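Q: Please take a close look at one part of this chain. I would like to see how a sheet and the helices around it fit together.

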Amino acid sequence: MVATKKNQESQPKLIVRNTQHSDIKRIQKLCKKVYPDIPAYSAAEIKAQIQKFPEGQFVVLFENDIVGFCATCRLPENLAFSKHDWESITGNGYASRHDPKGDWLYGIEILVDPDMHGNRIGQRLYNERKNLCLNLSLKGIVFGGRLPNLAKRWKKVGSAEAYIELVQSKKLRDPVLGFQLRNGFEPIGVLPKYFPTDHESMGYAAHMVWRNIKYVDDPIRETDQQRGRTIKTVRVSIVQYQQRKLTSFEEFATQVEYFVDVVADYKADFVLFPELFTLQLLSIENQEIPASNAIETLTKYTEPLKKLLSELAVSYNINIIGGSHPTRDEDGNILNICYVCLRDGSIHQQAKIHPTPNERYWWNIEGGNELQTIMTDCGPIGVLICYDSEFPELARHLVDQGAEILFVPFCTDERQSYMRVRYCSQARAVENQCFVAMAGNVGNLPNVANMDIQYAQSSILTPCDFPFDRDGIAADTTPNVEMVAFADLRLEDLRQARHSGTVQNLKDRRFDLYATHWKKKS
């Protein structure tokens, strides 16, 4: 009996579960194996799918390898049943059109390892979709299905419509469409140019639907569900930080801890410090340090800074957005990096993508190449360091990955510079229907090159619509005075505005005309 149990335990098992962030690289590996001639999903796309609709993403594991992958989103009926192509309906793979109130489940992707055919991997994933549809009381499932034998049969059939009819009548065989028909899906039309690079299908797809026969259109039940939904509030704090002369790193640490302690007493979930607030460490030397030597002097504080912020985040139970700090990377390049220290003890970083002309001139700072959301216990966030807020493509890329709050640590010397960041941050909040928190430095710092004067009025900004604060400002500060500000941000208001607001910028994008594509730098 014992031996039998051991043999059973040693048998490899197929496991179906929801997709996790740790699965991303293995999913990309599977993508390349299934479609070697088509670029694999980027990490940002998979992360966005998970963050927007975690219960709708699945993987199949066999001996710790991912052998199946399934991605879905929710869509309203008018969109799911309209004529569309894959890029526009999925927001270029980011599930950007996911609607939490959508009454149809839309199939973005199903991938099965070709070496695992015969193990009903696809069947398991289709079953998961159906179960999800039943559990969420949705009307059904819709997707665009491939027609991989169409190109071979085109001369004989003459059209995609005729091809589908012949497969339905079993006069022709198509491995994908045939499988879907056997699983209770029915074609309701043809989607031309659905996926142009699918040459086997000649770009066509069958518009497929599975209807949930248990669905009951009950407005009372829907009202009850909405009434019982928990409205999550996130408390954000910003520190308008006074630059001051220091005598030691310990003095700097005491000052930072003071503010963390204050905002933690007010039960804040996040605290944001300004860009380059660590440059005051250069005043410790009590002499003017040439700009060429400033970075080397600051580099020795990188690890102590990370240690300080991480320990404070854990001990005060708060997520710290640590402004930014010039850092030399492993290749010797100087980057302006924001260290994000979460209260679970993890440390993340986001480099500034666009150094300003001043940063390039004074400190030889170079731009980073990656821009990704950071998952927190309050949901996904993004960081845009100062000048980066003036490039709308960056905020859109983060929001497409699921970000609902953007943090903008900034450092500006006079009012005109500040207003550029302020106006652009407000624009990012409106066009992406997201919250934007911004925090800057104030005060003067003699003997520190390129940090001598400061101007700031830090703010927490919202979209401009009925659920939000007047003028789109949840909180702000008095200009050029050291202080903190707080705002309680209701993420449910944000999601409601995105899907049923007076204007719906994210939903109304013309995916058929334009898109933001992130090119990974080699």
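A: What follows goes through the sheet, one residue in it, and the helices beside it. The model is a predicted one.

Start with the sheet. It is open, has six strands and mixed pairing, and runs in the order E15-E16-E17-E18-E20-E21. Its edges are E15 (374-376) and E21 (473-476), each of which pairs on one side only. Neighbouring strands are turned by 20° against each other on average, direction ignored. At one end of the order, E15 and E16 pair in the antiparallel sense, over three bridges. Ile374 stands opposite Ile381 of E16 there.

Now move to E18. This strand spans residues 435-439, and Phe435 lies in it. Is Phe435 buried or exposed? Phe435 has a relative accessible area of 2%. Buried means under 20%, so Phe435 counts as buried. What does Phe435 touch, leaving aside residues up to four places away in sequence? Its contacts include Glu404, Ile405 and Leu406. Leu461, Thr462, Pro463 and Phe468 are also among them. So are Leu489, Arg490, Leu491 and Leu494. Pro36 is another matter: 399 residues separate it from Phe435 in sequence, and the two C-alpha atoms are 39 Å apart.

Next come the helices. H16 lies across E17, E18, E20 (459-461) and E21. Against E18, H16 runs at about 165°.

H15 covers residues 392-400 and is mostly covered itself, with seven of its nine residues buried. Those buried residues are Leu394, Ala395, Arg396, His397, Leu398, Val399 and Asp400. Charged names such as Arg396 and Asp400 are on that list. What covers the buried residues of H15? Helices H3 (43-52), H16 (415-432) and H17 (491-500) are among the elements that do. Strands E16 (379-383) and E17 (405-409) also take part. Just after H15, Gly402 takes a positive phi of about 115°.

Finish beyond H17. Asp508 is found in the segment after that helix. Its relative accessibility is 54%. The cut-off for exposed is over 50%, so Asp508 counts as exposed. Asn444 is 64 residues from Asp508 along the chain, and their C-alpha atoms are separated by 45 Å.

To put the two residues side by side: Phe435 in E18 is buried at 2%, whereas Asp508 is exposed at 54%.

Notes:
Residues are numbered from 1 along each chain as its sequence is written. This is a predicted model: local features need pLDDT of at least 70, side-chain atom pairs count only at pLDDT 80 or more; totals for chains, interfaces and linings use all residues. Side-chain values use heavy atoms; hydrogens and water are left out. Helices (H or I, at least four residues) and strands (E, at least two) are DSSP runs, numbered from the N terminus. Buried means under 20% relative accessible area, exposed over 50%, partly exposed in between (1.4 Å probe, protein chains only). Contact means heavy atoms within 4.5 Å. Two strands pair if DSSP finds at least two bridges between them. Axes are lines fitted to C-alpha atoms, for helices over the stretch in contact, and angles run from 0 to 180 degrees between N-to-C directions.
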